[in-house]
There are 2 protein chains.
Amino acid sequence: MGAMMDIRDEHLTIRAWEKRIDDLLERPGDGAALFNVNEDDTREYDAIFLGGGAGGRFGSAYLRAMGGRQLIIEAWPFLGGSCPHNACVPHHLFSECAAELMLQRTMAGKLWFRDMNGVRASIKDVVDVFRKGRVGPHAIMNFQSKEQLDLEYVLNATGTIIDRHTVEVAGRRFRAKNLVLGLGARSQTLTCPGSDLKGIYTYESLVETLDYEPGDTVLVVGGSKTAVEYGCFFNATGRRTIMAVRSELLKVIPDLETRGYTVDRMKDQGMEIWEGSQVEQLEGDSNGRVCAAFVRTPNGIERIETNFVFCGLGETPNSEMPARVLDVKIGPKNEVIVNRQLQTSVPNVYAIGDLIGGPMEMFKARKSGTYAARHIMGEQVDYAPQEWPDFLHTHYEVSWMGLSEQEARAKHKNIITIKMPPDTPDGLNVALPACDRTMLYAFLEPKMSGFQKLIIDEASRRVVGAHHVGYGAKDSFQYLYQLMKQGLTIDQLGEMDELFLNPTHFIQLARLRAGHRKLRDL
Amino acid sequence: MGAMMDIRDEHLTIRAWEKRIDDLLERPGDGAALFNVNEDDTREYDAIFLGGGAGGRFGSAYLRAMGGRQLIIEAWPFLGGSCPHNACVPHHLFSECAAELMLQRTMAGKLWFRDMNGVRASIKDVVDVFRKGRVGPHAIMNFQSKEQLDLEYVLNATGTIIDRHTVEVAGRRFRAKNLVLGLGARSQTLTCPGSDLKGIYTYESLVETLDYEPGDTVLVVGGSKTAVEYGCFFNATGRRTIMAVRSELLKVIPDLETRGYTVDRMKDQGMEIWEGSQVEQLEGDSNGRVCAAFVRTPNGIERIETNFVFCGLGETPNSEMPARVLDVKIGPKNEVIVNRQLQTSVPNVYAIGDLIGGPMEMFKARKSGTYAARHIMGEQVDYAPQEWPDFLHTHYEVSWMGLSEQEARAKHKNIITIKMPPDTPDGLNVALPACDRTMLYAFLEPKMSGFQKLIIDEASRRVVGAHHVGYGAKDSFQYLYQLMKQGLTIDQLGEMDELFLNPTHFIQLARLRAGHRKLRDL
């Protein structure tokens with residue numbers, strides 16, 4: 001049980017927080033618990049948020065803003081959870097490196113770009129940059145939560161659930177009307193022989209523990225978002241990258257043509273994609289580090305020499321403690337079962353974020369936190385994510401929403417598609433689409449400049465799906481999705497004002513077709 | 001008067017068009033007029049579009065889709081006008097180079113980035129890449145207009161207005177019920193002594209005629225969009241870049257804080273901004289090329305040695321022919337005056353695009369074309385751009401919509417702002433905002449990772465303005481603007497699903513505040 005440090009009356013600047021967090025991360029489990037608790041407030045807590053990740057922090061902010069009293073208890077010395085520490089933020093840094101390296105390799109020797117032959121980017125250097133810099137975002141969250149959001153929290157100490165109203169932390173018990181569990185999830189790991197060797201990483205352990213430079217071959221296990229995002233980065237650094245995918249690569253991208261463009265570009269970058277393949281065994285060297293992997297493929301067992309294996313197999317909710325102590329009901333994937341008010345099977349106990357299962361995305365973590373807060377504060381709420389715009393990174397940003405073309409054709413009598421590049425034999429080699437961050441491709445390597453497709457129900461003239469591979473459209477899918485849900489038609493789309501050259505060419509392409517009473521493909 | 005080549009029955013692929021256009025551009029004024037005219041159609045034309053730029057092409061497509069008959073007459077051998085030939089498209093290529101060079105210089109010596117000391121990028125090489133590649137987009141427009149949009153057109157021959165129903169081209173007269181003028185605009189040039197020297201460019205002449213490598217100092221004249229976009233590119237290539245601005249730089253960016261962040265980053269890149277300054281005289285060398293400029297500044301006359309001057313002073317509509325032949329009414333800036341149905345003062349004569357004055361933006365060109373078409377086809381329409389989302393490039397993308405903070409404070413009783421980075425003494429040095437294309441900055445040079453601000457009217461809880469400096473938000477402003485016009489509130493914004501890390505952090509930041517009955521800044 002660690003010591004306790006009262007920081008309630010300290011005004012810690014962002015810079016001061018950086019230093020404090022950095023010190024505490026250097027000696028995990030050793031530092032004092034940081035208490036930012038308002039001892040003058042005699043009200044009972046409306047909720048204790050166990051876990052200060054995205055859900056706990058946003059839920060707390062909402063509850064506090066509504067006039068309630070809350071307390072976050074978080075084992076790490078910072079708020080914000082895994083996202084800025086080992087998940088979304090490093091993934092985005094790595095994906096930016098992938099995009100940048102692909103550009104530099106493609107343009108090598110042209111214009112001012114240097115020859116990239118033999119240039120292998122260091123994975124460890126990028127990880128080190130992240131590890132050194134991540135205290136910055138951490139510091140902002142601690143600062144913002146204390147100074148701008150008026151939250152109470154205890155950091156750097158693990159909370160233990162005592163009962164459905166009580167949590168113990170750093171030797172002290174806190175009681176609340178409600179308990180909100182935001183304990184997150186952890187990566188699934190390999191279970192084959194040799195899976196305990198050094199040199200086998202998940203996204204969590206990669207940024208925490210990588211202490212050597214991986215060799216020239218990387219094996220990535222998995223075929224969905226995380227595996228692809230990290231795999232493309234490893235590939236872009238200049239390493240042979242093999243993806244061992246149990247079934248098919250990137251099934252998560254719903255539109256087949258969009259998926260095809262995406263996967264073709266990965267292959268163009270030299271990625272080796274082994275579908276229907278599974279790691280059978282990992283072989284270690286005399287230091288206990290992996291040196292080879294045996295992969296069962298449709299063509300038999302292959303042996304790959306590698307000292308670096310990345311495992312991107314999805315995540316398992318951390319539901320063990322609440323199941324054991326509170327007996328909350330757990331689902332088949334270890335997730336805590338909740339209703340549409342985020343209530344578990346135990347009265348006054350809520351669960352939010354990755355702990356309640358998929359989609360394990362930021363928007364759901366944050367929104368489930370705020371909805372739990374609103375319900376606790378007496379609002380009638382109803383939340384369950386059912387449909388949302390989505391994206392992933394390859395070397396590109398891939399964004400989608402609504403129906404795929406094949407789904408749309410199954411659902412509607414007649415479907416119109418509007419595409420770029422044009423659907424012609426030489427379409428892929430033309431300099432469109434083109435926009436910010438794909439201009440050099442458009443002019444020098446046109447097939448790399450992206451793909452986009454809008455799907456329209458002919459009868460209603462409504463947009464029912466949109467798909468985009470490129471850059472700069474991810475953000476817009478958030479807002480375009482809202483318009484689509486409202487019933488956006490091709491005619492309304494054509495009425496908008498494009499900011500040309502816009503990454504989604506949808507407005508102007510829709511306008512080229514909107515004159516037709518009976519719509520046609522473009 | 002050139003020869004005529006009938007291409008009506010040729011199915012020209014995009015590749016074939018590329019070659020054809022390339023040949024014709026190599027010998028301007030010399031090639032045959034390309035006739036894609038349906039001689040079997042005996043109907044009178046509903047409209048002749050004089051000028052096949054954005055407005056003429058989109059207007060034609062719309063009119064044709066509505067069942068009308070149209071003809072485009074265009075002097076260049078391609079459709080699409082100045083945008084893909086010398087305006088928006090090269091500007092985007094140059095701005096991409098500016099962003100990429102800034103990144104490479106900032107990261108130089110870190111990770112895999114090479115030392116950039118002494119690396120000066122060739123302006124001429126980038127211009128050559130554009131000039132060589134621009135036939136690609138041209139080819140797509142010709143192909144799409146013929147094969148997918150069923151348009152009739154005559155290219156590579158200048159049309160002469162005979163009367164309000166008749167245009168002569170390549171020795172043949174075409175008659176139509178209506179004439180739609182889309183003759184565009186041209187750059188304003190310097191008028192001081194020496195302004196006829198070689199080495200003085202506008203955006204048009206730069207890509208047409210640059211035939212040497214500019215030296216180490218560039219003088220840019222002007223302080224609005226075009227001047228800044230090109231100036232930042234020249235700066236990023238590694239040249240001393242001086243901007244001589246008559247009044248103030250970037251007055252076009254309405255929010256003062258956003259403008260301040262933008263200008264500060266330009267200065268960080270070493271750009272020299274001389275406000276209140278005007279070129280008085282240009283000095284030539286023995287070959288008739290500029291070698292120095294005399295600039296009147298608030299501190300007196302400065303002499304700058306340079307062999308490269310870029311003039312970005314805005315544009316003048318090409319209204320001379322219609323004024324002379326048809327006597328259409330012209331406004332104070334040489335623009336053809338139109339009503340909200342795009343009709344000029346002469347019956348059956350419409351005008352569209354840059355010819356009718358500002359905003360000289362793509363959306364207005366295209367939409368004015370389609371609105372003229374709809375009116376011609378008998379629809380009741382009403383179009384005049386009054387408000388729109390807007391953007392420009394520095395080394396960044398700068399996007400804005402709605403009210404600036406100061407405008408909002410003047411209009412509403414109480415205004416709430418939500419900002420990133422946070423408004424604290426160390427705010428600029430924190431690693432937020434962070435998103436695609438700013439991750440390396442966020443971790444290694446945080447003050448360069450962008451600025452964003454959302455402006456909310458406290459009473460109605462509505463978003464009334466948004467401002468963004470960074471990357472990847474330009475596209476989203478198109479759609480977010482629609483939501484704002486519908487009355488988007490902070491509460492509705494907080495209900496959306498963010499695609500994290502989203503370039504606009506607006507959704508999640510709004511959600512952190514939405515719990516308050518009485519809103520507060522963040």
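## Two copies, one rotation

To compare the copies, they are superposed by least squares on the C-alpha atoms of residues with pLDDT of at least 70 in both. This is a predicted model. Put chain B onto chain A that way and you need a rotation of 180 degrees, with 0.0 Å of shift along the axis, and the RMSD comes out at 0.0 Å. The two copies are therefore related as by a two-fold rotation axis. They also use the same surface to meet: 100% of the contact residues of chain B turn up again in chain A.

## Where the chains meet

How many residues does the contact take from each chain? It takes 107 residues from chain B and 107 residues from chain A. Between them the two chains bury about 9,600 Å², with 64% of that on carbon and sulfur atoms. On the chain B side, B:Trp112, B:Tyr479 and B:Leu499 supply 9% of the area buried against chain A, more than any other three residues.

## A helix that is mostly enclosed

Next, have a look at helix H14 of chain A, which covers residues 474-485. Its 12 residues should span 16 Å at 1.5 Å a residue, and the C-alpha atoms at its ends lie 17 Å apart, which agrees.

Of those 12 residues, 10 are buried, so H14(A) is largely enclosed by the rest of the structure. The buried ones include A:Phe477, A:Tyr479, A:Leu480 and A:Tyr481, along with A:Lys474 and A:Asp475. After the helix comes A:Gly487, with a positive phi near 105 degrees.

## The nonpolar core

In soluble globular proteins, nonpolar side chains tend to be buried together. Here the largest nonpolar core has 328 residues, and A:Leu493 and B:Leu493 are the ones that touch the most other members.

What does B:Leu493 touch, leaving aside its neighbours within four places in sequence? From chain A, there's A:Tyr479, one of the buried residues of H14(A). From chain B, the contacts are B:Leu454, B:Val463, B:Leu480, B:Leu488, B:Phe506, B:Ile507 and B:Ala510.

## A sheet of five strands

Chain A also has an open sheet of 5 strands, paired in parallel and ordered E10-E17-E11-E12-E13. Strands E10 (200-201) and E13 (272-275) stand at the edges with a single partner strand each, so one side of each has no neighbour in the sheet.

Zoom in on one of those edges: strand E12 (residues 240-245) runs parallel to E13(A), and 4 bridges join the two. Within this pairing, A:Ile242 has A:Glu272 of E13(A) as its bridge partner.

Terms used:
Residues are numbered from 1 along each chain as its sequence is written. Chains are lettered from A and ligands numbered from 1 in the order in which they are written. This is a predicted model: local features need pLDDT of at least 70, side-chain atom pairs count only at pLDDT 80 or more; totals for chains, interfaces and linings use all residues. Side-chain values use heavy atoms; hydrogens and water are left out. Contact means heavy atoms within 4.5 Å. The expected span of a helix is 1.5 Å times one less than its number of residues. Buried means under 20% relative accessible area, exposed over 50%, partly exposed in between (1.4 Å probe, protein chains only). A nonpolar core is a set of buried Ala, Val, Leu, Ile, Met, Phe, Trp, Tyr and Cys residues joined through side-chain atoms within 4.5 Å. Two strands pair if DSSP finds at least two bridges between them. Buried area is the accessible area (1.4 Å probe) that two parts lose on being put together, summed over both.
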